[in-house]
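Q: Could you take a close look at one buried or exposed position in this model, and then follow its surroundings outward? A careful, connected account would be welcome.

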Amino acid sequence: MKALLYQGARDIRFESFPDPELADDRDAIVRMSKCGICGSDLHIYQGHGFSADFGFCVGHEAVGEVVEVGRGVKQLKPGDKVMLSAAVGCGACASCLAGEINRCANHAASCYGLSHKLEGCQAEAIRVPAADFNVAKIPEGLTEDQALMLTDNLPTAWHGLRHADIRPGATVAVVGLGPIGLLAVEGAFVLGAARVFAIDLVPERRAIAASLGAIALDAKDAQAQIAEATHGEMCESVVEAVGADASIALSLKIAGRMGTVSVIGVNQSRSFDFPMGVSFMKNVTFRIGTCSVPRWWPELIPLIQAGKLKPERHITHEMPLSAGAEAYRLFDAREAGALKMVMTS
């Protein structure tokens, strides 16, 4: 088969790769029809990956068709149209069955496309471990594009919002307006936010947030403008969707007294200068971490079916998998309005 392989910083290649094979009776093989590039994939692309491996298949967002199942798979059969969870667990322990992959009792929590441990989804075919748990049939009424956004981006945004303690009538800020940040803007209103400040350095992304009803601010001026707009009260809930030290620091500055900061951007800093004294005096709640994707599907699927959330609106490019290197380049450079990059097999 063909796949996108990481060969070094800013070196993604469309190359031949061994066909996936069933490694366990609970595995399934899925033929990819669409896959996406996530903002966290750019960490790998830029040379700041999560392992020392090279030559592995990247990506963790995909939808497709089941082509083969192991003898232990009970819920799926060849021909089923499915969406994958970017985060995978053992699918057998109580935590996984409750949707809490991060607490997997068998320490099997993982993600596609970070190393050779579990090859990625930007490939013509994918091996899915514990398939009855880590993959789901595309729900009735959902398009492939909507299902693709459920594999990671939308659940991650929702995870960030839920961890931000948003209550009806709240003032919320979203820092970083990539696909996940924009989905967080959209979701904040669904959860009852009265106003949402949307912060980014890129004017085009701020314009999209404004079209969703947010108050769009340049990051350089955001703290002062929020202070003025809120008479110094700042924000009750802040969702950070970048992962840079500067954006996390800004998030803590714009959180108000008894506020909550929820960080879902990937940060690999070993020496973040946390403002402990100010945060202590403001009684700030700070949360950071990854998303257990299946946990949020029961809440998100009905919202999409009802038209309350429209995650597909943020897809800007659809390109063949063979053009993957160019898709990464465009996304990294933010050229041609690149926001959500989707590739087809």
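A: Helices, of at least four residues, and strands, of at least two, are DSSP runs that are numbered from the N terminus. The model described here is predicted. With that numbering, C38 sits in the loop that links strand 3 (28–37) to helix 1 (41–45). Its relative accessible area is 4%, and because buried means under 20%, C38 counts as buried. Leaving aside neighbours within four places in sequence, the residues in contact with C38 are H60, E61, D152, N153, F331 and K340. L118, by comparison, is 80 residues from C38 in sequence, and the C-alpha atoms of the two are 17 Å apart.

One of those contacts, N153, leads on to a helix pair, since helix 5 comprises residues 153–162. Helix 5 packs with helix 6 (residues 179–190) at an angle of about 55°, and their axes are 8 Å apart. That angle makes helix 5 oblique to helix 6, and the crossing of the two helices is right-handed. On the side of helix 5, the residues that meet helix 6 are N153, L154, T156, A157, W158 and L161, while helix 6 contributes P179, I180, L183, A184, G187, A188 and V190. Sorted by class, this contact has 10 nonpolar residues, 3 polar ones and no charged ones. N153 thus appears twice in this account, as a contact of C38 and as a residue of helix 5 that meets helix 6.

Elsewhere in the model, two residues can be described by their backbone angles. Most residues other than glycine have a negative phi. H231, however, has a positive phi near 55°, and this residue is found in the loop between helix 8 (222–229) and strand 14 (235–240). M258 also has a positive phi, of about 65°, although it is not a glycine, and M258 lies within strand 15 (residues 255–263). Exposed means over 50% relative accessible area, so H231, at 74%, counts as exposed, and M258, at 62%, is exposed as well.

A further element is an open sheet of 3 strands, in the order 2-1-4 and with antiparallel pairing. Strand 2 (12–16) and strand 4 (56–57) are its edge strands, each pairing on one side only. Strand 1 (residues 2–6) runs antiparallel to strand 2 and is joined to it by 5 bridges, and L5 stands opposite R13 of strand 2.

Definitions and conventions. Residues are numbered from 1 along each chain as its sequence is written. This is a predicted model: local features need pLDDT of at least 70, side-chain atom pairs count only at pLDDT 80 or more; totals for chains, interfaces and linings use all residues. Side-chain values use heavy atoms; hydrogens and water are left out. Buried means under 20% relative accessible area, exposed over 50%, partly exposed in between (1.4 Å probe, protein chains only). Contact means heavy atoms within 4.5 Å. Axes are lines fitted to C-alpha atoms, for helices over the stretch in contact, and angles run from 0 to 180 degrees between N-to-C directions. Angles under 35 degrees count as roughly parallel, over 145 as roughly antiparallel, 65 to 115 as roughly perpendicular and the rest as oblique. A crossing is left-handed if the near helix is turned anticlockwise from the far one by less than a right angle, and right-handed if clockwise. Ala, Val, Leu, Ile, Met, Phe, Trp, Tyr, Cys and Pro count as nonpolar, Asp, Glu, Lys and Arg as charged, and the others, Gly among them, as polar. Two strands pair if DSSP finds at least two bridges between them.
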